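Here are a few exercises to try with the viewer open. Have a go at each task before reading the solution below it.

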Amino acid sequence: MKNLIILSVLLAAFCLSGCQAPTGSEGKNLAVVQAYVDAVKNEDFDKMQSLLADDYLGLGPSLGDSINKEGALASWKYNSENLYESMDFELTQLLETSVAEGPAQGDWVSNWSLVTITYQDGRGPVSLWVNVVYKIENGKIARSRTFYNEADVYEQLGYRIFPPLQLPEEEEG
């Protein structure tokens with residue numbers, strides 16, 4: 001509970017310091033993201049394609065992860081055909097804001113969801129909290145940043161994380 005209160009205070013402080021109410025697009029950006037989430041749920045790849053800008057760039061969850069529109073669509077298609085039996089979204093919440101200046105300037109929608117994935121090979125299900133922040137430009141998703149705990153997913157699948165193996169140094173001579 002303490003962590004939830006701290007997170008709420010930090011989020012409020014962030015929004016009060018750098019965000020303002022959306023201007024001129026109230027609800028339209030939320031509708032774009034909701035339509036995209038629905039298209040993902042329904043495996044509607046044509047709808048997904050129509051909602052992503054041609055120069056779309058997706059980032060995350062790892063620091064070096066990035067993907068363009070074609071890669072994102074190909075990844076969703078591959079996962080739905082070969083990996084996922086089902087993917088359920090629960091407790092989805094959307095928040096819309098505009099950032100007036102700085103490197104994050106623009107219209108943004110944040111999507112928090114509890115996602116449960118069952119795999120075709122019988123593994124899982126795994127449940128994870130996912131946060132995706134979308135930048136909306138001209139009625140399309142131009143950017144996204146995805147956050148979730150990859151290690152938690154692997155642990156739910158039975159993987160274990162160990163420190164690197166330390167090999168003894170070879171003797172010179």
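**Exercise 1. Find the aromatic pairs and classify them by geometry.**

Solution. Keep in mind that this is a predicted model. It holds 3 aromatic pairs. Start with Tyr84 and Tyr119: their ring centres are 5.9 Å apart and their planes meet at 65°, and since over 60 degrees counts as edge-to-face, that's the class of this pair. Next, place the two rings in the chain: Tyr84 belongs to strand S4 and Tyr119 to strand S5, 35 residues apart, so the pair ties together distant parts of the chain. Both Tyr84 and Tyr119 are buried. Now go to Tyr154 and Tyr159, another edge-to-face pair, with 5.4 Å from centre to centre and 75° between the planes.

**Exercise 2. Work out whether Tyr154 and Tyr159 are buried, partly exposed or exposed.**

Solution. The cut-offs you need are under 20% for buried and over 50% for exposed. Tyr154 has 43% relative accessibility, so it's partly exposed. Tyr159 comes to 45%, which makes it partly exposed too.

**Exercise 3. Find the charged residue that lies over the face of Tyr119.**

Solution. Look at the Tyr119 ring face-on: Arg123 lies over it, 4.7 Å from the ring centre.

**Exercise 4. Trace how S5, S6 and S7 are joined.**

Solution. Take S5 and S6 to begin with: they pair antiparallel over 11 bridges. To check the register, find Trp112, which sits opposite Asn131 in S6. The two strands make a hairpin with 6 residues in between, and Gly122 in that turn has a positive phi of about 95°.

Then step on to S7 (residues 140-147), which runs antiparallel to S6 and is joined to it by 7 bridges. Here Tyr134 stands opposite Ser144 in S7. This hairpin has 2 residues between its strands, and Asn138 in the turn shows a positive phi of about 55°.

**Exercise 5. Map the largest nonpolar core and say which elements feed it.**

Solution. A general point helps: in soluble globular proteins, nonpolar side chains tend to be buried together. In this model the largest nonpolar core has 29 residues, and Tyr36, Ile117 and Ile141 have the most contacts inside it. Elements giving two or more residues include helices H2 (28-41), H3 (45-51) and H4 (69-82), along with strands S2 (52-59), S4 (84-99), S5 (106-119) and S6 (126-137). Zoom in on Ile117: beyond its sequence neighbours up to four places away, it touches Tyr84, Ser86, Met87, Pro125, Val126 and Leu128.

Technical notes
Residues are numbered from 1 along each chain as its sequence is written. This is a predicted model: local features need pLDDT of at least 70, side-chain atom pairs count only at pLDDT 80 or more; totals for chains, interfaces and linings use all residues. Side-chain values use heavy atoms; hydrogens and water are left out. A nonpolar core is a set of buried Ala, Val, Leu, Ile, Met, Phe, Trp, Tyr and Cys residues joined through side-chain atoms within 4.5 Å. Buried means under 20% relative accessible area, exposed over 50%, partly exposed in between (1.4 Å probe, protein chains only). Helices (H or I, at least four residues) and strands (E, at least two) are DSSP runs, numbered from the N terminus. Contact means heavy atoms within 4.5 Å. Two strands pair if DSSP finds at least two bridges between them. Rings of Phe, Tyr and Trp (its six-membered ring) pair if their centres lie within 6.5 Å; planes under 30 degrees apart count as stacked, over 60 as edge-to-face and the rest as tilted. A charge sits over a ring if NZ of Lys or CZ of Arg is within 6 Å of the ring centre and within 35 degrees of the ring normal.
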